[in-house]
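Visitor: I'd like a close look at how one pair of helices packs in this model. Could you zoom in there, then walk me outward from it?

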Amino acid sequence: MDTAINMQSVYVTDLVGIAILVIIMVTRGWSLPGRKLESRIMMVLLAVSMFNCVADIYVFQCDGIPGPGYRAILMVGDTYLYMYNLIVGVGIIYLILLHIDRRTRGLHMLLFWILCVVEMALLIVNLFVPIVFEIDANNTYHRGDYYILFVIIGFVLIFYGYSYYLISKLKNPSLRYFPVLEFLAPILIGNIVQMKMYGISLLPISFAVAFAAIVIALQNECIYIDKLTGVYNRYELDKIIKRRHHRRNEKLIAMMLDLNDFKSINDTYSHEEGDKALVAFAKALVEAIGSEGLVIRFAGDEFIILIPIFKPADIEDYKARIHKRLDEYNETSGKPYKLSTAIGGRIFDPHAENMSVIVNEIDSMMYKDKHAYYAEHDRRGRRKEDS
């Protein structure tokens, strides 16, 4: 049941939320090395959240003030606040899924579109028939019968995002740097408390605290991220192997890869273009492997992929996926050169085998693959053709 608005509480929580968001924006906590799309999403969500805190204060301040002008402000403002919960709720879950898989999947997008259409349809109807919220004759806000549906959708998004994270974490142990529960929990608590206690405003500051947790987690993860390509670096490789060494009866696929003709790309098209080729190559590897394994930049144009084995696995299947993804890139890149890779790999037991030995073995296997490639592709002839 609706109760009186506690304006002091509204001012305190929203202003604290604004302060947290401003600090994140000013310190560029949203900027992630090698992950431009995620950084842009974070920046947009932060900006929208700051506007939401300001709108929240203004809407609460206008509540109960008579006059058609204030009524219009309340209708527009409260509609926006409901839309914000949807936009940022979907945005955070989208960010989680994008961070895990580095790409979006059709099923996720379908779910998001369904939720957006349902909520937007309800808000449009609410402009004419008060089913979600009502502004009465005294310009006082009241929750409607369909208010609870928005709360349920918020819980569905939180459950969906965390469930997907847990499943993905079983496959990819590096996700421990991305502790989803820690930044979904403030939103969940804020939803529950605000649902029970009308008259206070907790959701804006809940989202602000959630963003602070996201930024801390992502910046901590960046210690183990290669700044150019956005994949993991050798620090992460060492930690993975040390941790896996203590586990028995667990095997990994280890693959060593490097770019064919990488020196030719640097010499012919510049080192800047060589960096772009490395970024495109790393992205192709991540898209080919997805959340099934870990892509690590080992040195220069050499990468290592580690894949935990949870089911019967064939290294050749993963090689085929990588080559297919590179072929797809070459067809659409418009670059004067083509990306291809040499791959060496085998299954090993990190508890029983030394990683240094494994690296030497898969490196040797990779160079055999590279020699086979150059036996069919003359370097000088290829460079002339590219020129």
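Which hand does the crossing of α3 and α7 have, left-handed or right-handed?

Guide: Helices α3 and α7 make a left-handed crossing (the near helix is turned anticlockwise from the far one by less than a right angle; clockwise would be right-handed). Before going further: this is a predicted model, where local features need pLDDT of at least 70 and side-chain atom pairs count only at pLDDT 80 or more, while totals for chains, interfaces and linings use all residues. Numbering starts from 1 along each chain as its sequence is written, and side-chain values use heavy atoms, with hydrogens and water left out.

Back to the pair. Helix α3 covers residues 68-101, helix α7 covers residues 203-221, and their axes come within 12 Å, crossing at roughly 15 degrees. Those axes are lines fitted to C-alpha atoms, for helices over the stretch in contact, with angles from 0 to 180 degrees between N-to-C directions. Since angles under 35 degrees count as roughly parallel (over 145 roughly antiparallel, 65 to 115 roughly perpendicular, the rest oblique), α3 and α7 are therefore roughly parallel to each other. As for the labels, helices (H or I, at least four residues) and strands (E, at least two) are DSSP runs, numbered from the N terminus.

Now step off the end of that packing. The loop between α7 and α8 (234-245) holds K227. K227 counts as exposed because its relative accessibility is 53%; the cut-offs are under 20% relative accessible area for buried, over 50% for exposed and partly exposed in between (1.4 Å probe, protein chains only). Along the chain, K227 and R35 are 192 residues apart, yet their C-alpha atoms are separated by 9.2 Å.

For another C-alpha pair, take helix α2 (residues 36-62), where I41 sits. With 15% relative accessibility, I41 counts as buried. Its partner in this case is W30: the two are 11 residues apart in sequence and 8.8 Å apart in space, C-alpha to C-alpha.

Next come a couple of backbone oddities, both on loops that flank α9. D261 belongs to the loop between β3 (252-259) and α9 (262-269). Its phi is near 60 degrees, a positive value in a residue other than glycine. D261 is also buried, since its relative accessibility is 8%. On the other flank, S270 lies in the loop between α9 and α10 (271-289). Phi of S270 is near 100 degrees, again positive in a residue other than glycine. S270 has 32% relative accessibility, so it counts as partly exposed.

That brings us to α10 and the charged contacts. The whole structure contains 9 salt bridges, each one being a side-chain nitrogen of Lys or Arg within 4 Å of a carboxyl oxygen of Asp or Glu. One of them pairs E273 with K335, with the closest N and O atoms 2.9 Å apart. It links distant parts of the chain: E273 is in helix α10, K335 is in the loop between α11 (315-333) and β6 (341-348), and 62 residues separate them. E273 counts as buried at 13% relative accessibility, whereas K335 is partly exposed at 27%.

Another salt bridge joins E292 to R321, where the closest N and O atoms are 3.1 Å apart. Here too distant parts of the chain are linked: E292 sits in the loop between α10 and β4 (294-299), R321 is in helix α11, and the pair is 29 residues apart. E292 is partly exposed, with 25% relative accessibility, and R321 is partly exposed as well, with a relative accessible area of 30%.

Staying on α11, R325 bridges to E328, with the closest N and O atoms 3.5 Å apart. Both residues lie in helix α11, 3 residues apart, which is about one turn of the helix. Their relative accessible areas are 22% for R325 and 36% for E328, so R325 counts as partly exposed and E328 does too. This bridge has company: salt bridges that share partners join E287, R325 and E328 into one network.
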